[in-house]
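User: I have not looked at this structure before. Could you take me through it?

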Amino acid sequence: MRQAVAIGAVGAAAPSLRLAAADVAAAWGTRGKGQVAVCAPDEDVLTLSWLAIVRALANAGLSVDQVDGLWWGTTRPPFAEGPSLAMLGTALRLCGDVGGALLSGSSHAGMEALVAAWTAVAAGSARTAVVVAADALVPGLGTSAESRIGAGAVAFVLTAAPGPAVLVSMTQRSRPVLDRYRGDGEDSTRDVYDARLFREDVFLPMLTDVATATGEADRWSLPDPDGRLGAALARRLGADASASASAYAETGDAGAAAPLLGLRAALRAPGRAAVVGYGGGRATGIAVEVGDVVAGCADDLGAGTAVGYAEALRARGVLVASGEPVPMGVPPAGGMFVRGGVEMLALQGGRCVECGTLNVPPSVHPACIGCGGGKFEVCDLARTGTIHTFSVNHSMPAPFVAPLPLVIVDLDDGARVQFQGLSEDVPSLAVDDRVELVLRRYAVERGAPVYGYKVRRIT
Amino acid sequence: MSWNRVAVVGAGLIKFGELFEQGFEQMAAGAFEAALASVDKGMPRSAIDFAVVATQRSSLWGQESVSGNTIPSVLGLNGIACTRVENACPTGSDAFRIGAMAVASGVYDCVLVIGAEKMRDKSSDEGLLARAASGHPVYQRGESAPALFAPFATRHMHEFGTTREMLASVAVKNHHNGALDPYAHFQKEVTTADVLSGPPVCHPLHLLDCCPQTDGAAAMLLVSAERAREFTDKPVYVAGFAMASDHPWMHEKSSYVGFKATTVAAERAYRMAGLAPADIDMAEVHDCFTITEILDIEDLGFVDKGKGGIASIEGETAIGGRIPINTSGGLLAKGHPIGATGVAQLTECWWQLRGEAEDRQVDIRHGNALQHNVGGRGSGVAVVNVLTTNSG
């Protein structure tokens with residue numbers, strides 16, 4: 001590669017819920033330790049990715065218009081087929097001609113995304129690239145993976161060197177073997193067929209080979225799909241894998257994000273850091289020379305809210321009430337989304353050129369609510385504000401989940417908009433509270449996720 | 001000087017409730033017969049030449065395409081002119097307003113205003129609550145009916161110190177009145193403790209802060225003022241009416257402690273009637289939720305802004321109070337079959353002005369009664385009608 005490439009900053013996100021492995025084990029009469037992170041019903045890989053990228057860009061001190069490529073690695077994008085990457089880019093307010101790619105198909109997708117972005121910056125086809133890896137896999141009920149598979153996202157900002165950390169070497173291997181996989185049309189990920197077969201004949205030999213080729217390092221991010229293999233590999237290599245061990249302890253196995261969440265932790269001190277990622281029969285090792293601590297590598301991801309097994313299953317969409325959910329009034333493939341999709345995802349208002357009033361959403365306001373004027377400048381709205389008033393809805397049919405706050409917010413740019421709030425904020429919600437907006441999944445309608453912003457209290 | 005070009009010579013309704021045994025047609029026919037029977041000197045069906053039909057949620061009984069021709073046939077009036085009106089919660093009161101204008105125009109001699117609504121043919125989940133999934137997929141998602149009013153309660157509490165006990169006093173009073181009204185859906189008293197301890201529906205509103213889902217129908221007969229005495233010796237005149245609109249999105253309100261549409265409509269109606277709030281003897285106002293009545297009595301000028309909760313808990317709005325409100329039991333106890341609601345409220349005003357409200361009768365000192373509805377997306381539609389016994 002011609003151009004040396006640096007990691008400028010990193011950002012990460014964990015979902016809202018935490019499930020103790022002991023709760024899973026209790027349901028199946030087994031034993032379990034540790035915890036996994038679980039998406040709330042309104043979170044998914046896209047909302048987690050969005051948050052990780054917003055944080056990474058803030059840590060880098062960059063605005064989105066400086067980004068010219070977005071590489072997204074996730075085993076299961078929100079659409080099996082559909083506009084996943086376009087929606088993420090729009091929600092980030094990236095311009096329409098931004099480059100990049102969506103890489104998926106296995107939990108190796110995060111490493112593939114990092115390699116692709118690295119290659120693009122090295123080749124000079126992108127100056128500032130964002131790599132994001134995220135997963136929120138749905139493990140098969142009753143499998144050992146159930147108390148291990150978590151969720152999370154991590155984003156890296158790559159630029160031409162110099163920078164605080166520089167990517168220095170890469171090794172890749174492939175073997176056509178089945179580990180954890182999901183067949184076409186299946187809902188959940190199957191566990192490995194035989195744990196000892198996988199350990200002795202696939203995992204340890206293949207990853208030892210990749211790690212050895214990657215070279216010596218002070219701190220390692222090593223894969224740990226079952227809670228023991230990571231330590232076994234570290235022993236065999238004589239490696240310090242405490243960085244990835246702490247990441248796994250926090251979120252569980254975050255799939256495509258897992259190796260890079262471990263790498264994030266390994267960037268906390270100067271020296272040589274290395275990451276090995278594995279999935280779908282592919283393994284990649286990358287070494288990074290850390291000069292300065294990378295901004296964002298020690299950001300707190302939050303403790304989350306503890307939930308029981310049944311609530312976690314409901315949040316993952318595995319436990320579903322019988323009967324027909326009430327359909328959304330507007331079909332997600334219909335004209336309203338063609339006219340109003342961008343303004344909804346990018347959070348736009350129409351500022352009246354006559355009186356300055358912000359009209360939200362712009363597509364339904366040909367006349368200004370302030371003065372009746374008809375000329376507007378479409379602009380990005382502020383993502384912080386103050387609660388003017390609110391309610392908490394307790395009585396709605398499925399698929400709604402109560403309690404649901406509905407919050408009328410005065411954004412800091414003067415716009416007044418109603419958004420949903422987060423159920424976890426219900427007990428303490430009050431007029432005049434300061435809030436920020438986070439991207440969440442408002443609905444899944446006819447198989448399509450519908451995204452918009454929700455209000456979160458700033459504590 | 002009131003407008004007084006139109007007189008109401010007949011009015012009636014059916015008992016409101018969960019009328020699973022009656023269809024839209026039977027309910028409408030029942031209300032029509034009651035209105036006809038109320039005409040003191042009688043009225044032949046053939047006198048009626050135009051009907052205004054008020055119905056708002058025909059989707060609640062799977063008849064999205066209800067239109068003007070749905071009603072004349074079932075009332076034995078086949079062939080007359082008929083127009084359907086849909087205008088959110090003020091549908092019935094707007095139909096009355098339009099009926100009065102039709103008579104005043106001189107085009108029609110005798111106009112039937114009839115409201116009917118089947119609220120309970122679909123389950124609540126598939127019916128009224130499904131509204132949570134309609135509208136804008138983000139900015140209105142989750143907005144079932146209580147969510148259109150609860151934010152006003154939150155803000156009114158914040159600005160004026162209004163309490164849940166003050167809200168509850170509205171429910172206690174209206175259920176007391178409902179217990180006196182043979183047409184009410186609920187004819188049973190409730191206590192403050194009942195209201196406060198009810199399950200939350202949409203914070204800060206609990207179950208008894210909310211009106212029920214009720215089937216019902218109501219009808220009125222309108223003729224020109226000059227012809228009123230052909231039908232009755234106790235005519236009630238239309239003193240004035242008005243309607244106003246406001247921006248439809250919940251986040252577009254200039255204030256969350258009152259409804260601008262109500263304030264504007266009230267100003268216009270008072271001006272047309274040549275009356276002031278102090279001239280009104282009683283009022284039927286839109287109490288879909290307890291907070292709504294508190295906002296209404298402020299917006300209609302019966303109490304100062306911010307004082308609605310205190311006035312309610314101190315009994316100013318009770319039968320026998322300074323300004324009796326919702327003597328019929330209101331939407332909270334009598335029920336809210338949307339298209340019928342405004343027409344039924346006007347019927348209560350008609351009875352009160354004629355001294356026919358029995359146990360609910362209030363002192364009629366000035367001879368004026370007011371009826372009000374507010375509703376729609378963002379409570380952006382309000383209608384105020386004023387009736388009077390004063391002929392000039």
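The conversation below goes through domains, a helix and the contact between chains.

User: What kind of model is this?
Analyst: This is a predicted model.

User: Which domains does the domain assignment give for chain A?
Analyst: The assignment gives domain 1, covering residues 5–315, and domain 2, covering residues 335–457.

User: How far apart do the C-alpha centres of domain 1 and domain 2 of chain A lie?
Analyst: The C-alpha centres of these two domains of chain A are 31 Å apart.

User: And how many residues does the contact take from each domain of chain A?
Analyst: Domain 1 of chain A contributes 15 residues to the contact, and domain 2 of chain A contributes 14 residues.

User: Which helix gives the most to the side of domain 1 of chain A that touches domain 2 of chain A?
Analyst: On that side of domain 1, α2(A) gives the most, with four residues. Both α2 (45–60) and α3 (84–91) of chain A supply at least two residues there. By class, the side of domain 1 of chain A that touches domain 2 of chain A has seven nonpolar, four polar and four charged residues.

User: Changing topic: what span should helix α1 of chain B have?
Analyst: Helix α1 of chain B has 14 residues, 24–37, and at 1.5 Å a residue it should span 20 Å. Its end C-alpha atoms are 20 Å apart, which agrees with that expectation.

User: Why is α1(B) described as largely enclosed?
Analyst: The helix α1(B) is largely enclosed by the rest of the structure because 10 of its 14 residues are buried. Among the buried residues of α1(B) are F24(B), M27(B), F32(B) and L36(B).

User: What do the buried residues of α1(B) pack against?
Analyst: They pack against three strands of chain B, namely β1 (6–13), β4 (110–117) and β7 (216–224).

User: Now the two chains. How many residues of chain B are in contact with chain A?
Analyst: In chain B, 29 residues are in contact with 32 residues of chain A. The largest share of the side of chain B that touches chain A comes from α3(B), with five residues. Both α3 (150–160) and β5 (200–203) of chain B supply at least two residues of that side.

User: And by class?
Analyst: The side of chain B that touches chain A divides into 15 nonpolar, nine polar and five charged residues.

User: In which sense do β16 of chain A and β5(B) pair, parallel or antiparallel?
Analyst: Strand β16 of chain A, residues 384–393, pairs with β5(B) in the antiparallel sense over two bridges.

User: Which residue of β5(B) stands opposite V392(A)?
Analyst: The residue opposite V392(A) is H203(B).

Notes. Residues are numbered from 1 along each chain as its sequence is written. Chains are lettered from A and ligands numbered from 1 in the order in which they are written. This is a predicted model: local features need pLDDT of at least 70, side-chain atom pairs count only at pLDDT 80 or more; totals for chains, interfaces and linings use all residues. Domain bounds come from an automatic or database domain assignment. Two residues are in contact if their C-beta atoms, placed from the backbone, lie within 7 Å. Ala, Val, Leu, Ile, Met, Phe, Trp, Tyr, Cys and Pro count as nonpolar, Asp, Glu, Lys and Arg as charged, and the others, Gly among them, as polar. The expected span of a helix is 1.5 Å times one less than its number of residues. A residue is buried if 20 or more other C-beta atoms lie within 10 Å of its own, exposed if 12 or fewer, and partly exposed in between; C-beta atoms are placed from the backbone. Two strands pair if DSSP finds at least two bridges between them.
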